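Welcome! Have a look at the sequence and the 3D view below, and then let us walk through one chain and its neighbour together.

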Amino acid sequence: MSRTDVASEGSARLARERERVLEALDGEALSVPAILRRMAERSTGGEAGAEHGAEASDQSLLYPALHSLEADWKLQARWLSDANGVRRVYRKRRLLPR
Amino acid sequence: MIGLIAFIGGFGAFLIAAVALVRRSERRLGTGLPTASPPARLGTEGQAEISAYLDRMTTELRLPAADVAEVRAELADHLYDSIASLEAEGFDPESAVREALGRLGPPAELGRLLRAAHQSTRRLLAGAGGGVFAAGGGFVLGYLGGVVLALLGFLALLAVGSVLALVGVRLLDIAPQDGGNTINSLLYVAAFAMAVATATRYAVRTSAGLSRRAPRTVAVFWAVAGAIVFGWLALFGMRGPQSWPSVALELCIPLVAVASAFFRIDRPMPHVGRWAVIVTALTVVVISLGFFAVTGSSTSVSEESAPVLCSVSDQSSSCQPDFGFDTVAPMAPAAWLPEGTFSGGGWGSDPASGGTRVNDTMGSQGLPSWTDLQYEAWHALPVDELGPGGVDTHYSTPFAVQPAALNGNSLSAVFHFERLRDAVHWWIFLTGVGPDGHRYRMGDGRGGQSNFNGSAWDWLTAPQ
């Protein structure tokens, strides 16, 4: 496999992860643990649950996907403090406030 | 009036927007969030493992400090949560740490992916655009600041002059006798250098913050761009008074751009508070009003306001002292220039070319027996308490000659003293070859003062 093939495979995986993150967020402001839970629920609930379940333990693309979506103005992130301390939450960016 | 208000309002809004953009972008270059402290249950080994992972990941990030701190804080938070979950699932602490780190993948790869995510093309374009915008605002603010500093420097020079006068040393005797041209040009280039430095730093800091790159990374681009753009502007674009010291400094403007792009660029910009701006603006207004009130009535350095000492038809007593006119040529015999040969004349700025137009109006009889009529510009002595002025007899030839163009009954020529380096004080004569074949001057001419007005390139290539 050439270096170009590896790069394009990496880009495709990142693009899939971005789609999964966007599906998981679905208009809500969620922290990363909540996003992971939502993604796991969607994976196990779907027809290809077993396949996605194998990916659930691989979080290597989660933060690159979140941060690239934020850089592309598709997500907005902010730090919120709760009982567990300060936590970063993500939500889909909207043109107009709800 | 409405247009003026709109212009000032728009200009003020532009400056405020530029400063706000710089400040907002600079927040990314600050220290950012502190990383959360690890939970107490984590052993020293686990903490060290997490810390080493984050350190390795950080080396690949190469983002501004605030972004690095945020990413580290977020990942540390995530790891502590993951470890707690894994421990709840039955993992022992050491295995939980290894499993949590393993799920995030190799730290170097994660760092590279996060860097690519942050340094997107969109942010790069935003950084470039924001940098140009901030540079525009920085140039104006820097120029205003430079003017203030230059005025303060000038006031300091006046204070030194006053002190020296007490001990019998006149600063005016030391200063170059060029109608204030050297001092004006130095003030001008000092303000310009300040503007260049501020604009370049604004551009670097803003584009670094917006494009999520370290300031030194983007400084290379802005140093080259600043050196080319501001170097070109200094050499060809900025027109005004010039002198050899100011031209030498203008040639160093590219170095100013490069130095200001790199020198202590990681440190925040020294932002000026609102009251400092108001007080400085008021000080400049008061100083300027006081300066013009004291000197405006007695000093004139512009061409238009320079005194005309004598004219062709002027026979007043002020023309009686020996002005050295015979250095130019002997006066034409009265028989060859009967009364009424010239009925008027003078000089002034030529709107079309920006030069100095000199003209004489002839009477109805004209000058039938004269040939080769031309205007000659001679170096002149300044009119001050040391002497009456007149032609500088150290010179035996004119420094500029223009043929007298005949248009109807009017003779005229245009001189470009503003493009000559040393044509500060001058005297122009109309001369011609008389019936006997010798050249004569046809009157006592007229004198004035001009300062060089052009770019540094014009100065370097001036025909003298």
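Helices and strands here are runs assigned by DSSP, with at least four residues for a helix and at least two for a strand, numbered from the N terminus. Keep in mind that this is a predicted model. By that count, chain B holds 13 helices and 10 strands. Chain B has 464 residues, of which 36% are buried. How do its contacts span the sequence? Taking contacts in chain B between residues at least 6 apart in sequence, 77% join residues at least 24 apart.

Now turn to the place where the two chains meet. Here, 17 residues of chain B are in contact with 15 residues of chain A. Four helices of chain B each supply at least two residues of the side that touches chain A:

| Helix of chain B | Residues |
|---|---|
| α3 | 65-88 |
| α4 | 93-104 |
| α5 | 107-118 |
| α6 | 121-166 |

On that side of chain B, the residues touching chain A divide into 7 nonpolar, 4 polar and 6 charged.

Let us zoom in on one pair from the table. The axes of α3(B) and α4(B) lie 9 Å apart, and the two helices pack at an angle of about 130 degrees. Angles between 115 and 145 degrees count as oblique, so α3(B) and α4(B) are oblique to each other. The crossing of α3(B) past α4(B) is right-handed.

Which residues meet there? From α3(B) come B:L79, B:S82, B:I83, B:L86 and B:E87, and they meet B:P93, B:A96, B:V97, B:E99, B:A100 and B:R103 of α4(B). The residues of this contact divide into 7 nonpolar, 1 polar and 3 charged.

Technical notes
Residues are numbered from 1 along each chain as its sequence is written. Chains are lettered from A and ligands numbered from 1 in the order in which they are written. This is a predicted model: local features need pLDDT of at least 70, side-chain atom pairs count only at pLDDT 80 or more; totals for chains, interfaces and linings use all residues. A residue is buried if 20 or more other C-beta atoms lie within 10 Å of its own, exposed if 12 or fewer, and partly exposed in between; C-beta atoms are placed from the backbone. Two residues are in contact if their C-beta atoms, placed from the backbone, lie within 7 Å. Ala, Val, Leu, Ile, Met, Phe, Trp, Tyr, Cys and Pro count as nonpolar, Asp, Glu, Lys and Arg as charged, and the others, Gly among them, as polar. Axes are lines fitted to C-alpha atoms, for helices over the stretch in contact, and angles run from 0 to 180 degrees between N-to-C directions. Angles under 35 degrees count as roughly parallel, over 145 as roughly antiparallel, 65 to 115 as roughly perpendicular and the rest as oblique. A crossing is left-handed if the near helix is turned anticlockwise from the far one by less than a right angle, and right-handed if clockwise.
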